[in-house]
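Work through these exercises with the model open beside you. Try each task before you read its solution.

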Amino acid sequence: MIQDMWNALLHQPNTQWVVLSTMLLGIASGVLGSFALLKKQSLIGDAVAHAALPGICIAYLLIGEKQLLVLLLGATATGLLATYLIQLITTTTRIKKDAAICLILSVFFGTGIVLLSKITQQAGGNKSGLDHFIFGQAAAMTRNDVYTMAGAAGGLILIAFLLFKEWKLLIFDPDFAKNSGLPVGLLETLFSTLLVITVVIGIQAVGVILMAALLIIPTISARYWTDRLGWMVVIAGSIGACSGIVGALISTISTGLATGPLIVVTAAGCFIVSFTIGPKRGLIQKLMAHRVRLKEESI
Amino acid sequence: MEALNVKDLQVAYDRKAVLDQVELSIPKGSLTAIVGPNGAGKSTLIKAILGMLKRSSGQISILGKPYSPKNRNVGYVPQRGSVDWDFPTNALDVILMGRYGHIGWFKRPSKQDIALAKEALHKLGMADYADRQIRQLSGGQQQRVFLARALVQDAEVYFMDEPFVGVDAKTEKAIIDLLRELKQKGKTVIVVHHDLQTVPEYFDHTLLLNRTVIANGPTEQVFTEDLLQKTYGGALAFFSTNGDKRVMS
Ligand SMILES: Nc1ncnc2c1ncn2[C@@H]1O[C@H](COP(=O)(O)OP(=O)(O)OP(=O)(O)O)[C@@H](O)[C@H]1O
Ligand SMILES: [Mg+2]
């Protein structure tokens, strides 16, 4: 199988493009996911991913064909609507944030599934390929889809690189950020929008159900290796990239396997390794520290 | 000249006024204490002045000009509990955040910024802790990191929310020396302070606050039994030691 993977990677331009774009997606998810985790917005990412489904279906019903950019616009619209509604519910009612997220996520996703079943029942609907958005199918992406995703992911990575210092301060200490003259409101809105875009461009390859995992797993794995945000972002990006590459490769050479689950399983493997041997409060490091303490106490 | 002038300030949370009709001015070059019971609105006052909270009404001027963070003449030390200490960052990096207002968009801190941050660490006796993740600092050390961060902001007027809380006598001495040094350089330092015993010793100007200004002026005029009782709603016990008046809350 490794042989097949190498062959595909070396000789099939299509595969090369798919792998390159899922790699960029993995990096963008790791990077934006790191900021989202520290901002305690990871779950919002999950809600946005699920809420993207009805947007995709509505866009498809409106234009009657599968044009990725239009579908993604629909996904962005309902994704943003979901974040807005979550905010509205938490600020104007007694409902807590976790319950609000759960509510919006399931209502939007349920609506999406209803619309999707309707589309697949229509004549020719089952050829729409929309069901790939559930678990992701990188191999089903056209060359244009791949360019769109790679371009957007590259743009996200660039913006995160440029705004690294501003976002760091904004998340660590928003009051101090304001005192330093940063446009806090603008930066917040920009971050939320880019987080939504990250999720939306990823759903074709990873799927709405598992996209949030690509935001979260590389990020929490990276935390076991470093106490510095800069390195955390780099490591999370690398783990995201590896997961993207491996997931996309396996799913393209073995037809039929959905990409999303493969990417997430790979990322989960990285998490287990990080959790076990990571030098910052990883399992082994903790056990060793505990033994040193016991020894010191017995002396 | 006045370092701070506040006119007709009102702040409300959920339509309930927390601060009302606040009028005050604080002279340039003073070391000012803001004193009042828990919930009096001390933190709210600072945040409203610095635009971190919405004001229902009020004009704020700093050194004769309307306050704007872009003037970069105001430094800020938040209450210690206000940030996530598990954040992946170390002491030096937090101090460097004080330079972000000066560095400008997209750029990274320069060698000079890093040198300034290291100097501030050194000044606060924290030179050995530059690389520590901030959770692994003691409470007093965390407080000193916040102070160092404000120092490198290189401001004219400083607002500090309870910088003395949870620090030992040695750190308290280090902090007050630092504040006095700032005053000597002509800076204005405005501090929320809870320990009434040390107010007359540390501060030359005092603002008594409880939902509105109870009194504001030179410490020797304002820090009287009468006015303090009024501020704390008569919940203070007074006693004398060695002839001078001491207060306990
Ligand atoms: N975010 C908020 N929402 C609603 N009410 C608030 C909020 N923050 C503060 N308050 C209320 O405003 C009042 C003033 O609070 P503030 O934190 O300014 O007091 P303080 O004088 O700094 O108290 P402390 O000495 O405990 O720090 C309190 O009654 C508090 O309950
Ligand atoms: Mg307070």
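This is a predicted model.

**Exercise 1. The nonpolar core**

Task: Which residues touch the most other members of the largest nonpolar core, and which helix gives the largest share?

Solution.
Step 1. The largest nonpolar core has 167 residues; W167(A), L4(B), L45(B), F159(B) and L179(B) touch the most other members.
Step 2. The largest share of this core comes from helix α10 (residues 184-206) of chain A, which gives 12 residues.
Step 3. Now place the core in chain B. Domain 1 (2-73 + 155-248) and domain 2 (85-154) of chain B both give residues to this core, so it lies between them.
Step 4. Look at one member. Leaving out residues up to four places away in sequence, L179(B) touches L31(B), M160(B), F164(B), V189(B) and V191(B).
Step 5. Recall a general tendency: in soluble globular proteins, nonpolar side chains tend to be buried together.

**Exercise 2. A covered strand**

Task: Is strand β3 of chain B mostly covered or mostly open, and which strands pair with β3(B)?

Solution.
Step 1. Strand β3 (residues 31-35) of chain B is mostly covered, with five of its five residues buried.
Step 2. Sort the side chains by direction. L31(B), A33(B) and V35(B) point one way, T32(B) and I34(B) the other way, and all are buried.
Step 3. Find a partner. Strand β8 (residues 188-192) of chain B runs parallel to β3(B), joined by four bridges. Here A33(B) stands opposite V191(B).
Step 4. Find another partner. Strand β9 (residues 205-209) of chain B also pairs with β3(B) in the parallel sense, over four bridges. There A33(B) stands opposite T206(B).

**Exercise 3. An open sheet and its helix**

Task: What is the strand order of the four-strand open sheet in chain B, and which strands lie at its edges?

Solution.
Step 1. The order is β2-β1-β4-β5 (chain B), with antiparallel pairing.
Step 2. β2 (16-27) and β5 (65-66) of chain B each pair on one side only, and these are the edge strands.
Step 3. Go to an inner pairing. Strands β1 (residues 2-13) and β4 (residues 57-62) of chain B run antiparallel and are joined by five bridges. In this pairing N5(B) stands opposite S61(B).
Step 4. Add the helix. Helix α1 (residues 42-49) of chain B packs on the sheet and touches β1, β2 and β4 of chain B. The direction of this helix makes about 110 degrees with that of β1(B).

**Exercise 4. Aromatic pairs in chain A**

Task: How many aromatic pairs does the structure hold over all chains, and what is the geometry of the pair W17(A) and Y147(A)?

Solution.
Step 1. The structure holds 13 aromatic pairs over all chains.
Step 2. W17(A) and Y147(A) are edge-to-face: 4.8 Å centre to centre, with 80 degrees between the planes.
Step 3. W17(A) lies in helix α2 (residues 13-38) of chain A and Y147(A) in helix α7 (residues 143-162) of chain A, so the pair ties together parts 130 residues apart in sequence.
Step 4. Check exposure. W17(A) is partly exposed at 29% relative accessible area, and Y147(A) is partly exposed at 37%.
Step 5. Turn to F35(A) and F164(A). This pair is edge-to-face too: 6.1 Å centre to centre, 65 degrees between the planes. F35(A) sits in helix α2 of chain A and F164(A) in helix α8 (residues 164-172) of chain A, 129 residues apart.
Step 6. Apply the cut-off: buried means under 20% relative accessible area. F35(A) has 1%, so F35(A) is buried. F164(A) has 16%, so F164(A) counts as buried.
Step 7. Widen the view. Ring pairs link F35(A), F164(A), W167(A) and F191(A) into a cluster.

Methods: Residues numbered from 1 in each chain as written. Chains lettered and ligands numbered in written order. Predicted model: local features only at pLDDT ≥ 70, side-chain atom pairs only at ≥ 80, totals over all residues. Heavy atoms only, no water. Pairing = 2+ DSSP bridges. Helix = DSSP H or I, 4+ residues; strand = E, 2+ residues; numbered from the N terminus. Contact = heavy atoms within 4.5 Å. Axes fitted to C-alpha atoms, helices over the stretch in contact; angles between N-to-C directions. Core = buried A, V, L, I, M, F, W, Y, C linked by side-chain atoms within 4.5 Å. Buried < 20%, exposed > 50% of the residue type's maximum accessible area, 1.4 Å probe, protein only. Domains from an automatic or database assignment. Phe/Tyr/Trp six-rings, centres within 6.5 Å; stacked < 30°, edge-to-face > 60°.
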